[in-house]
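Me: I work at the bench and would like some help in reading a protein model. Could you take me through it feature by feature?

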Amino acid sequence: AILKEGKLLAAVEEERFNRKKHAKPALVDNPDELPSNAIEYCLKVAGISLSKVDHIAYAFDPERRKRYWADQYFTTDSWGTPKGEKIFLEKLLSIPEKMERVYSCLLKNKFHWVEHHLAHASGTFFISPFDKAIVIVIDGIGENATSWTGYGEENKLTKIKEIALPHSLGFMWEKLSEYLGFTEYDAGKVMGLSSYGDWKVYWKQFHKIISFDEDDIFRVNNDILRFRTNDFSKIEGLFGVKKRKEGSEITGQHQHIAAALQKISQKVILRILKYAYDHYPCDKVCLSGGVILNCVANEETFLKLPISDVYIPPAAHDGGNAIGAAYYLWNQEFGEKRSFVFGNPYTGPEYNDKYVENALREAGVKFEKLNDIEKYAAQLIADGNIVAWFQGRLELGPRALGNRSILADPRRADICEKINVKVKKREYFRPFAPSVLEEKALEWFYLRKELLPDRFMLFAVTPVYPEKIPAVTHVDETCRIQTVSKETNPKYYKLIEEFGNITGIPIVLNTSFNIQEPIVCSPDDAVKTFKKSKIDYLIINDYVVQNR
């Protein structure tokens, strides 16, 4: 990410360029594997070289990590060996030197290590529309903390409480995602699966993993979970279910475990929020951290306390921490006044028509350029086609928000299986999101007006007419909505408006434009993914390609 005088100019994850999902390139030995594509893109947008950058922030503090882990966790195999931790820290500390070598410039006094959770907290509060707010961060781990609770006033953050290892909600999700036969990165899949289960079946067992007290808010029994090991024996004993092998049948037991995990997580999040509210009774809340991508928990939790408004950035996970680290320097360290609200998630690359035409020609596909492309696309969708929609700047965060999306008709229940099985090649229980015109949202969904707009797809709400939009209504009758504004995305807005004119429903089904890969970034990525898919049409800018 790059800021100029407190304004965000650009932000993008390296994985969108190198096409390696969850890539962490800055932690490898090869200096050429810095997040160079993302760095160079940001510098290009700003129109400068790295030598002209005044300050560089990185969202981690190696010294804090070193101090804590040396005292706490080098004595047990559960947390890795001193040698492994030393290598990890050496890689981190070498980043400034790598950047100097690659970009041929000196970074003396320019490079700043920012504590991980302070970056998260800054990357929600300092870019929010609130002058004052409760600030909560919940993830797997920073340097040693697993959650951070505090408050923000103007350009200052103040800590109320941190919770440290092993009491980690994020790590619990990672471990149980693996236990349920997915990867540590698949919390979103488990959230979708949870809606099929009955949380009461394994509720008592989860209270042997999670316990509650007033001082610590919650505690995790790591003797059962065994974080950062491949030992699942205690979990298997607790639930009476063997670890699921990837690709094997998902049973009712797996669904019930996922449901109980979701339910107890909501209880933990509510306790954290209540603790913060008791210490700083403010009706506005800012949240960040990977756990906060759980849209089911977000909606239910904030109905329980007198909260009038909530802000969550589109990249609440670590992918947004470059923004947070930069704003921590700008506002907290340098004392600059806040002047930016992050309401537009479209911060990545865009491509002009010349680039698009060259990409399509090189791919050897037939294409045509049309006028009134939004109306054309809306009719294709209304006719039952699946349309890949690529336009404008790439959105930031793990959820496609209308610029790198696959779109379909929400009225057609059968379209879900077609997209999941034939297009996306993913599990049956993964839901799809509705993108709805912002001013029509209250007509179609039961929303608290205070939570509008939700342009980043971070709350699961109940539809007013589930029978009219079955393709975007999950099995638990919730929808993970995205409200679409004419101000921030006029082209996508017009498409949905045209679809509403045709069908009477101002909503389209929206899922990310990718197949077991990062969301597409360039027209070249889009054509490659399209050609190996069963998507019916590809639309890039005003160009149309049909899959023959």
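Reply: Happily; below we go through the cores, a buried serine, a small sheet and some backbone features. This is a predicted model, where local features need pLDDT of at least 70, side-chain atom pairs count only at pLDDT 80 or more, and totals for chains, interfaces and linings use all residues. Residues are numbered from 1 along each chain as its sequence is written, and side-chain values use heavy atoms, with hydrogens and water left out.

Me: What is a nonpolar core, and how many residues has the largest one?

Reply: A nonpolar core is a set of buried Ala, Val, Leu, Ile, Met, Phe, Trp, Tyr and Cys residues joined through side-chain atoms within 4.5 Å. Buried means under 20% relative accessible area, exposed over 50%, and partly exposed in between (1.4 Å probe, protein chains only). Here the largest core has 155 residues, and M99, M172, F206, F239 and F445 have the most contacts inside it. Helix α12 (residues 252-279) gives the most to this core, with twelve residues. Helices (H or I, at least four residues) and strands (E, at least two) are DSSP runs, numbered from the N terminus. There is also a second, separate core of 21 residues, which includes L370 and L437.

Me: Which residues are in contact with F206?

Reply: Contact means heavy atoms within 4.5 Å. Leaving aside neighbours within four places in sequence, F206 touches L176, F239, I257, A260, L261 and I264.

Me: And S265, is that buried or exposed?

Reply: S265, found in helix α12, has a relative accessible area of 1%, so S265 counts as buried. Beyond its neighbours within four places in sequence, S265 is in contact with L169, M172 and W173.

Me: How do I read a sheet, and what is the strand order in the open one?

Reply: Two strands pair if DSSP finds at least two bridges between them. The three strands of this open sheet come in the order β16-β17-β18, with antiparallel pairing. β16 (445-446) and β18 (479-480) are the edge strands, each pairing on one side only. Y446 has T462 in β17 as its bridge partner, while V461 is partnered by C479 in β18.

Me: Which peptide bond is cis?

Reply: The bond from L165 to P166 is cis, with omega near 5°. P166 lies in the loop between β7 (156-164) and α7 (169-179).

Me: Where does E5 lie, and what is its phi?

Reply: E5 is in the loop between β1 (2-4) and β2 (7-10). Its phi is near 50°, a positive value in a residue other than glycine. At 61% relative accessibility, E5 counts as exposed.
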